Amino acid sequence: MTLWRIRATVDDRPGYLSVLTASLALRGVNILTVQVHTTEHGAVDDFLVDAPDTLDEAGLLAAVERGRGRDCWVARSEARGLADQPTRVLGLATRLVHDPDATGEVLRALLGADEVTWRAAPALARPGIDGMTMLLADPNGGSYTLRRVAPSFTPAEYARAQALLELGATAARRSAEQVTVVLPDGAELTVRPAVADDLTAVVELHQACSVRSRQRRYLGGAGLPSPARLRRLLEPARGLTLIAATTGSGGAAESVVAMANLLAEGDEAELALLVRDDWQRRGLGSTLLRRLTRQAESAGYAAMVAHVQADNAPMLRTLRRLSRPTTVQRDGTLLTMTVPLGAEAPAAAKSAG
C-alpha cells in the first residue's frame with residue numbers, strides 16, 4: 001500500500017462527498033484523514049489515503065473524476081502525514097512561541113510552501129490568496145509572500161497562517177518586553193508583562209506576603225484576593241500588570257516576588273505595588289514603579305494615581321523617588337497621590353510650587 005494526498009473540489013450538496021468516497025473505495029483506497037476547506041466554488045476536500053501499489057496517479061485522478069470531484073491534485077505522501085492535523089498545528093505554534101525567528105520555517109511547514117519571502121515594507125496588494133500565491137500581513141511590520149506549485153491555497157489555510165503570524169508577533173513582543181534587572185544589592189530578576197498563566201504563581205506570592213503587606217496593597221483587606229479578582233489584575237481590560245520573578249538554580253520554575261498594576265480608567269491610571277516581604281527595601285518597588293511610569297507615558301495617560309495609607313512609609317518613599325511633582329489629597333488615613341504625566345507635568349509642577 002502507498003500513501004497519497006488527494007485534494008479535490010466537490011459541490012457542497014448532500015451526498016456528493018459520499019459519491020467521491022465510494023468511487024475511491026471501489027478501487028481499494030482507504031481514506032485515513034480528511035479535511036474540508038470551504039470556498040466560494042465548493043468544498044475542497046483534502047484526503048490522506050492508503051492506496052494499492054498497483055494504483056498510480058492517473059488511476060487516482062480517474063477515480064476522483066468519476067466521483068464528481070474536480071480541480072483534482074494528487075501527490076505521494078510520507079508517514080508524517082499521518083499526524084493529527086490539530087496536533088501538528090499546535091506543535092508548530094509551540095515552536096513559534098519559543099522561537100519567533102522561525103516564523104518563515106513554521107509557515108513553510110504548515111502549508112508545504114515551496115517559497116516563503118519576507119519583505120520589510122507592507123504589501124502593496126491586499127493580503128489574501130490568489131491561486132498558488134498567498135500574501136500575509138506581518139503584525140510586526142512588513143509582509144510574507146508564500147508560493148507553492150500545487151495545490152492552490154484555500155481560505156482556511158490563509159486563516160491558519162495569519163493566526164500563526166499573530167501568535168508569533170505576540171510572542172516576539174513578549175520577548176522584547178521582558179528584561180533582566182539588577183538591584184542595588186546585585187540580585188537579578190526578570191521583569192515582564194503578566195499573562196493569565198501566571199495566576200498560580202501570583203496566588204503563591206500573595207500567600208507568601210505578610211498580612212500587613214496585603215493590607216497596604218488592598219487598603220485594609222487582609223485576606224487573599226479571589227482567583228477571579230487576580231485574573232482581572234493579571235490581564236486588565238485597560239492598563240498593564242508587570243511581574244518580577246527570580247529563577248531557581250538548575251532550571252527550577254520561576255518564583256514571582258512582586259506584582260505591579262497599572263489600571264486605567266479614562267485618562268488616568270491607578271497604580272499599585274505588592275512586593276514579597278523578603279524583597280522589600282531592596283529597590284525592587286522603585287524599579288517597577290519607574291517601568292510603570294514609562295508605560296503610562298507611552299500609552300498617553302494624563303496622570304497616575306495611587307491610593308496609599310498614611311502610615312505606609314515604604315510606598316511613600318518609593319513615590320518620592322520618582323522625583324516628579326505630586327499632588328496629595330487626604331481623606332482620614334487615606335492619601336490619594338496624583339503624578340501628572342507628559343504635557344500635564346509642567347503645569348502640575350507650577351501649581352505644586
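**Close-ups of a predicted model**

**View 1. A hairpin made by β15 and β16.** In this predicted model, strands β15 and β16 form a hairpin with two residues between them. Look in the turn for Gly332, which has a positive phi of about 65°. The two strands, β15 (residues 327–331) and β16, run antiparallel to each other and are paired over five bridges. To get your bearings in the ladder, find Gln329: its bridge partner in β16 is Thr336.

**View 2. Strand β16 and its partner β14.** Here we stay with β16 (residues 334–340) and turn to strand β14 (residues 303–309). β14 and β16 also pair in the antiparallel sense, this time over seven bridges. A handy landmark is Ala306, which sits opposite Met337 of β16. How many of the seven residues of β16 are buried? Six of them are, so the strand is largely enclosed by the rest of the structure.

**View 3. A salt bridge between β5 and β8.** Arg147 and Glu115 make a salt bridge here, with their closest N and O atoms 3.6 Å apart. Arg147 belongs to strand β8 (residues 143–147) and Glu115 to strand β5 (residues 115–119), so the pair ties together parts that are 32 residues apart in sequence. Are the two partners buried or partly exposed? Arg147 has 34% relative accessibility and counts as partly exposed; Glu115, at 37%, also counts as partly exposed. It's one of the eleven salt bridges that the structure holds.

**View 4. Asp198 and Arg192, a buried pair.** This salt bridge joins Asp198 to Arg192, and the closest N and O atoms are 2.7 Å apart. Asp198 comes out at 6% relative accessibility, so it counts as buried, given that the cut-off for buried is under 20%. Arg192 is buried as well, with a relative accessible area of 12%. As background, side chains of opposite charge can pair when their charged atoms come close.

**View 5. Asp278 with Arg276, and a network.** Asp278 forms a salt bridge with Arg276, and here the closest N and O atoms lie 2.8 Å apart. The two ends of this pair fall into separate classes: Asp278 counts as partly exposed at 45% relative accessibility, whereas Arg276 counts as buried at 17%. Elsewhere, salt bridges with shared partners link up Arg5, Arg7, Asp46, Arg148 and Glu157 into one network.

**View 6. A patch of arginines on the surface.** Which residues gather in this patch of positive charge? They are Arg212, Arg281, Arg317, Arg320 and Arg321, and the patch lies on the surface. Zoom in on Arg320, which is part of helix α10 (residues 313–320). With a relative accessible area of 58%, Arg320 is exposed.

**View 7. Glu105 in helix α4.** The last close-up picks out Glu105, found in helix α4 (residues 103–111). Glu105 is partly exposed, with a relative accessible area of 47%. Leu92 is shown with it: the two residues are 13 apart in sequence, and their C-alpha atoms are 9.5 Å apart in space.

Notes
Residues are numbered from 1 along each chain as its sequence is written. This is a predicted model: local features need pLDDT of at least 70, side-chain atom pairs count only at pLDDT 80 or more; totals for chains, interfaces and linings use all residues. Side-chain values use heavy atoms; hydrogens and water are left out. Patches are made of residues with over 30% relative accessible area and no salt bridge: like charges are joined within 9 Å, nonpolar side chains (Val, Leu, Ile, Met, Phe, Trp, Tyr) within 5 Å. Accessible areas come from the Shrake-Rupley method with a 1.4 Å probe; for residues, only the protein chains shown count as cover. A salt bridge is a side-chain nitrogen of Lys or Arg within 4 Å of a carboxyl oxygen of Asp or Glu. Lys and Arg count as positive and Asp and Glu as negative; His and the chain ends are not counted. The place of a charge is taken as NZ of Lys, CZ of Arg, CG of Asp or CD of Glu. Helices (H or I, at least four residues) and strands (E, at least two) are DSSP runs, numbered from the N terminus. Buried means under 20% relative accessible area, exposed over 50%, partly exposed in between (1.4 Å probe, protein chains only). Two strands pair if DSSP finds at least two bridges between them.
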